[in-house]
Amino acid sequence: MHIAIDARIINSSTGRYVERLLHYLEQVDRVNDYTVLVRAKDERFWTPTGENFRVRVADFDNYSLAEQTGFKRLLDELAPDLVHFCMPQQPVLYTGRVVTTIHDLTLLNTYNSDKNWLVYRFKQLVGHFVFKRVAKKSDLVLTGTEYVRRRVIEFANIPENKIVVTPESADKPDIAPEPYEDLVGTDYIMYVGSQSDYKNIRRLMVAHQDLLADHPDLRLVLVGKTTGVNGRPAGRNQAWAAKKRFKNILFTGFVPDEKLSWLYAHTSAYIFPSLSEGFGLPGLEAMLHGAPVISSDATCLPEVYGAAAEYFEPTDTTDMAAAIRRVIDDPERRNELIKAGHVQAKKYSWRRMAEQTHQAYMTVLKSVSK
């Protein structure tokens, strides 16, 4: 059989899912033929090792007219037996067999103040139509959590047996940590990742300022780009914090993996204040590195982290600060979370995710052959 995988997002924040899926699919399936579709800029981002995998350029923007016309035309020419769209955006009039991954419905329910409101609202309206249409027309839908599965069922009104949970995972790089010089010997809590509004970073900064009353030397370290397109939200947060005259907050900018591993290993706690997630990969990564995790109790996060995190209500900065105090002031609780985190993170496996995804492909393809 010929399977096409829409990997146009492989070099993005969600791209880790796609890269890991391809990595393990090459081990799982040496029989079927795969065409991996990427943007022109990413033609050499991922190189196949299996003879049954090849890369082809599909340079079509998400939510564009070209996606609806040119991408459909390309797929019709390829004539695969199955297409796996790794995100909901896709040609809605494509009529072949389809598996679609819906990571979350965040686009439909949030707004980033860094974006043009009119453009973003238009994208939401298009997304609302596309997501619902895609969920109904796909042969199978994949999600990373039961929380998202239930939401998609309710949103699109599709049968329960049409949507399958394929949990994601996290990796700890096999590298030697290198000290982050400016933080050696200091006490800090940290967050890693993008800073779009729904990530709730401003409330985390407010909670941190509360903590300074009894932890005057505690620093808040926010890891992630502060420049460029992806760094704009962090840059806005940095300016906002400066205007508020907030103290002891470090915006690191990009940090290489060697120094990031050191930051995880030496932090008093990793804080994940997000208002909306589809899986919550950063918390699992922190657990793998031995950092105690303190998390928002929103959406899917308690499902993914289980008893291995201390939780707070994400819109209540007092509750957030109290949760952080419960961990950093109690060495026994902190060590308990570190141990539980190691156990929790090992429950997840990228290879198992790839195997489950491959099984979804086979389920759809068997239904074709009947």
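Helices here are DSSP runs of H or I with at least four residues, and strands are runs of E with at least two, both numbered from the N terminus. By that count, the protein has 13 helices and 13 strands.

Hello everyone. Before the tour, two notes on where this comes from. This is a predicted model, where local features need pLDDT of at least 70, side-chain atom pairs count only at pLDDT 80 or more, and totals for chains, interfaces and linings use all residues. Residues are numbered from 1 along each chain as its sequence is written, and side-chain values use heavy atoms, with hydrogens and water left out.

Let's start with the overall shape. The radius of gyration is 21 Å, close to the 21 Å from the globule rule for 370 residues, so the protein is as compact as a globular protein of that length. For the record, that radius is taken over C-alpha atoms, and the rule is 2.2 Å times the number of residues to the power 0.38. Along the principal axes, the C-alpha atoms fill a box of roughly 65 × 45 × 40 Å.

Now the surface and the inside. About 16,700 Å² is exposed, and carbon and sulfur atoms supply 50% of that; the areas come from Shrake-Rupley with a 1.4 Å probe, and for residues only the protein chains shown count as cover. I'll call a residue buried under 20% relative accessible area, exposed over 50%, and partly exposed in between. Of the 370 residues, 54% are buried.

On contacts, meaning heavy atoms within 4.5 Å: among those between residues at least 6 apart in sequence, 66% join residues at least 24 apart.

Two phenylalanines show this nicely. F272 sits in strand 11 and is buried, at 0% relative accessible area. Beyond its neighbours within four places in sequence, F272 is in contact with residues including Y191, P282, I294, L301 and F312. Its C-alpha is also 8.9 Å from that of I201, 71 residues away in sequence.

F279 lies in the loop between strand 11 and helix 9, and F279 is buried too, at 4%. With G144, the C-alpha distance is 5.9 Å across a sequence separation of 135 residues. Leaving out residues up to four places away, F279 touches G144, P167, C300 and Y348, among others.

C300 brings us to the cysteines. How many disulfides does the structure hold? Zero, where a disulfide is a pair of cysteine sulfur atoms within 2.5 Å. C86 is in no disulfide, and the nearest cysteine sulfur, that of C300, is 19 Å away. C86 counts as buried, at 0% relative accessibility, and C300 is buried at 0% as well.

Next to C300 in the numbering is T299, in the loop between strand 12 (293–296) and helix 10 (301–305). T299 is not a glycine, yet its phi is positive, about 45°. This residue is partly exposed, at 25%. A79 is another non-glycine with a positive phi, of about 50°, and A79 lies in the loop between helix 2 (65–78) and strand 4 (82–85).

One last stop: helix 8, residues 257–266. Which of its residues are buried? They are K259, L260, S261, W262, L263 and Y264. Those residues pack against strand 8 (188–192), strand 9 (219–223), strand 11 (269–272) and helix 9 (281–288). Strand 11 is where we met F272. Thanks for listening!

Notes. Buried means under 20% relative accessible area, exposed over 50%, partly exposed in between (1.4 Å probe, protein chains only).
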